[in-house]
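Got the viewer open and a selection box ready? Let's walk through a few stops, one pick at a time.

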Amino acid sequence: CIRSCQGLVACGASWELWSRAPEAADPAQSTRRLPTSFEGAATTEGMMAAAAGLGEHWRTELPLHAVLCRLREQAGEAGPGFGRESEEAAGSAGPALPRDLLFGLGSELFLWSGESSAFYVLSLRSLGGESDGGLSRYQTLFCINPPIFEVYQTLLSPMQQHVALIGTKGLMVLELPKRWGKNSEFEGGKATVNCSTTPIAERFFTSSTSLTLKYAAWYPSGTLEPHVVLLTSDNTIRIYSLSSPQTPMKVIALSNADEETLRLSKGRAYTALLGETAVAFDFGPLTTVPRNLTGLCEREEVLAYPLYILYENGETFLTYISLLHSTSGLGKLLGPLPMHPAAEDNYGYDACAILCLPCVPNILVIATESGVLYHCVVLEGEDDDEQMSVKSWDSKTDIIPSLYVFECIELELALKLALREGEEPLESDFSCPIKLHRDPKCPTRYHCTHDAGVHSIGLTWINKLQKFLGSDEEDKDSLQELSVERKCFVEHILCTKPLPCRQSASIRGFWIVSDVLGPTMVCITSNYECITKPLLSTVHPASPPLLCTKEDLRITASPLRILAQSPDSFEKHIQNILRRSSANPLLLKASAKDSSPPPEECLQLLSRATQVFRDEYILKQDLAREEIQQRVKLLREQKKKQLEDLGYCREERQSLREMAERLADKYEEAKEKQEDIVNRMKKVLRSFHSQLPVLSDSEKDMKKELQTIQEQLRHLGNAIKQVKMKKDYQQRKMEKGSSPQKPSINLNAYQRKCIQAVLKEEGEHIQEMVKQINDIRNHVTF
């Protein structure tokens with residue numbers, strides 16, 4: 001009881017500080033959280049603070065910027081109804097439209113001010129520097145021709161040169177000025193810059209007072225001239241070019257003319273009452289159009305952007321848009337796309353937003369006003385699917401894809417407070433339109449903004465799905481990994497409606513800033529309160545490989561690294577245990593100076609936060625601790641057994657080493673004995689062959705060789721005798737011819753040279769023959 005009273009007093013004190021936030025000296029105090037003991041949802045901020053650097057400065061200084069402080073003062077002077085009148089006027093035909101008046105470009109944030117019809121450009125780089133003038137430094141981009149309608153969304157073009165100012169009664173395109181100077185600021189850093197604007201379909205909206213603009217987007221091509229795609233309340237999509245802003249270059253009718261003729265007295269068609277009107281659309285990545293729609297030759301391929309159109313009753317239609325081709329099949333409305341598994345309520349009747357994630361296959365996110373999100377995978381339709389289109393022309397030849405609902409998520413728009421004893425739970429009927437935002441860096445994550453706060457959703461199963469679709473049909477391992485994969489990760493970042501009986505502080509602007517320390521959410525509320533909060537790193541894009549890294553197939557990975565990366569590792573098991581299904585978001589209260597919540601509601605809010613911390617933190621940490629303790633005990637037993645095995649292996653190694661030494665000695669002795677035995681065997685064989693009475697083959701060969709040599713010696717002896725006889729004959733002739741003196745013969749140099757060469761050859765030949773004779777003599781004598 002004492003603890004409950006203390007918690008009640010603490011909670012009441014926090015609400016008292018909350019109510020005084022507009023009068024506080026520090027503008028950052030206007031955004032209050034739960035008491036310090038309940039700041040579990042901000043554990044990521046504590047982790048990021050450890051890596052404090054320049055990236056942390058702008059997060060703390062941005063809420064203190066002079067522009068935001070001045071806008072907060074104006075909102076405080078206007079009273080608690082500031083911004084509500086325009087929202088109610090904009091959404092008079094239905095629920096209030098979600099605002100999106102903030103976007104980023106590089107290190108700059110652009111905030112649209114409807115009161116001054118201008119953009120305030122805040123530089124985050126100047127906030128993170130050492131200079132003190134960063135809080136008061138900004139640029140103002142004025143419109144030369146300001147819009148006469150209320151702007152509820154700003155949208156940057158794909159080429160980042162134009163900004164679309166979107167309202168329910170028109171659309172205007174602002175052209176960003178040129179940059180130059182040291183810091184690459186607009187027009188060299190001027191404080192105020194005039195920007196040219198181009199109204200789109202101004203004549204059309206002025207002449208048709210009953211028509212409203214329901215949705216608008218840029219044509220996603222980054223190489224063509226900028227084009228704007230508009231969805232109006234007459235169930236028609238029109239595409240306008242900036243070169244001809246008053247005449248649509250393409251018109252796509254989403255309903256038949258007969259349906260539009262049936263109107264009520266107030267001007268609304270019967271199709272709108274039945275929910276058969278389009279409420280939003282989104283482009284998918286560039287793809288090849290099916291050949292049955294183009295009607296061209298087989299060799300020709302037509303590339304176009306698929307346009308997914310969402311109707312209020314939950315049905316989704318498809319058409320292909322290409323501004324480079326004008327075939328008859330492009331622009332044809334296909335659908336409704338069949339959804340599997342089928343549902344009786346067609347997955348809700350209050351659809352409000354659609355988003356196509358940039359991945360293959362395409363994944364559609366369909367949001368409803370009740371806070372339910374459907375993640376649908378777009379795959380080719382099967383033959384047994386109902387492919388007949390009700391809304392398209394010549395539907396018998398159209399083969400359309402199917403939507404496979406992978407999972408369904410229900411967001412906690414309003415906090416579910418803890419109930420007192422004996423109190424029955426009350427179903428919350430709070431609903432509001434939801435705005436879906438792509439993440440600028442991570443394609444597997446998106447964000448939701450609504451009147452009750454901000455949610456961030458990460459799809460961790462996309463990689464497993466792509467692996468399964470890219471594998472063989474018999475690959476059951478990928479299918480099993482996909483089936484056991486945990487569903488998407490939902491992070492409740494900000495809650496602007498902590499109590500059911502209190503008015504919410506709607507979101508005016510939302511953007512994700514990516515810096516060195518990771519992605520950070522920047523949120524601007526209707527009272528120009530600025531909230532910056534780092535996002536969890538559970539879902540993050542894959543880091544690009546370094547230029548110095550090369551894949552080497554010869555290098556094998558470490559077994560411990562392979563074990564840590566396996567899907568059954570203990571680390572991932574602990575992560576799954578500690579993963580939270582709900583959290584305590586940052587709480588923000590709508591400005592009301594003289595109102596404070598009753599103690600009962602404070603106690604319920606405190607009990608809810610305590611229950612979340614108990615269920616999502618303490619209990620899971622206790623379970624993880626038990627798992628770790630059990631794992632440590634098991635590892636200690638395994639370590640003890642391994643140490644025993646290690647000692648036994650060391651003893652065995654020592655014994656094997658001694659045995660190897662003994663075997664080596666025996667081997668040397670055996671080798672020496674073997675050599676002795678071989679020598680003795682040679683001697684025995686030699687003596688045995690010498691005593692045989694029959695000649696061996698080698699001896700026979702030796703005998704033949706000796707006989708041959710004997711014959712050669714006989715012939716050589718005869719040749720020597722002949723040579724000696726010739727020598728004696730020549731000597732006698734010389735003696736007879738030497739007595740009478742004959743006249744001398746004169747020889748020239750050439751003749752002498754020839755005679756000397758012949759004599760030299762004969763001398764060498766004789767010398768060689770003598771040498772052979774001597775060798776034969778020596779051999780015969782031997």
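Start by selecting cysteine 432: with a relative accessible area of 2%, this residue counts as buried. Keep in mind as you click around that the model is predicted.

Now go looking for sulfur partners. A disulfide is a covalent bond between the sulfur atoms of two cysteines. How many disulfides does the count come to here? Zero. Cysteine 432 shows how that plays out: add cysteine 352 to your selection, since its sulfur is the nearest cysteine sulfur, and the distance reads 8.1 Å. The cut-off is 2.5 Å, so cysteine 432 is in no disulfide.

Next, pick cysteine 495. Buried or exposed? Buried, with a relative accessible area of 0%.

Time to head for the surface. Select helix α15, residues 599-690, and find aspartate 665 in it. Aspartate 665 has a relative accessible area of 48%, and exposed would need over 50%, so this residue is called partly exposed. Then extend the selection to Glu658, Glu661, Glu668, Glu669, Glu672, Glu675 and Asp676: together with Asp665 they form a negative surface patch. Colouring by charge is a handy choice for this stop.

For the last stop, switch to helix α17, residues 749-781, where isoleucine 755 sits. Isoleucine 755 is partly exposed too, at 39% relative accessibility. Which residues join Ile755 in a nonpolar patch on the surface? Select Ile745, Leu747 and Leu759. With Ile755 included, the patch has about 400 Å² of accessible area.

Key. Residues numbered from 1 in each chain as written. Predicted model: local features only at pLDDT ≥ 70, side-chain atom pairs only at ≥ 80, totals over all residues. Heavy atoms only, no water. Patch = residues over 30% accessible without salt bridge, like charges linked within 9 Å, V, L, I, M, F, W, Y side chains within 5 Å. Areas by Shrake-Rupley, 256 points an atom, 1.4 Å probe, with all protein chains shown as cover. Salt bridge = Lys/Arg side-chain N within 4 Å of Asp/Glu carboxyl O. Lys, Arg positive; Asp, Glu negative; His and termini not counted. Charge placed at Lys NZ, Arg CZ, Asp CG, Glu CD. Helix = DSSP H or I, 4+ residues; strand = E, 2+ residues; numbered from the N terminus. Buried < 20%, exposed > 50% of the residue type's maximum accessible area, 1.4 Å probe, protein only.
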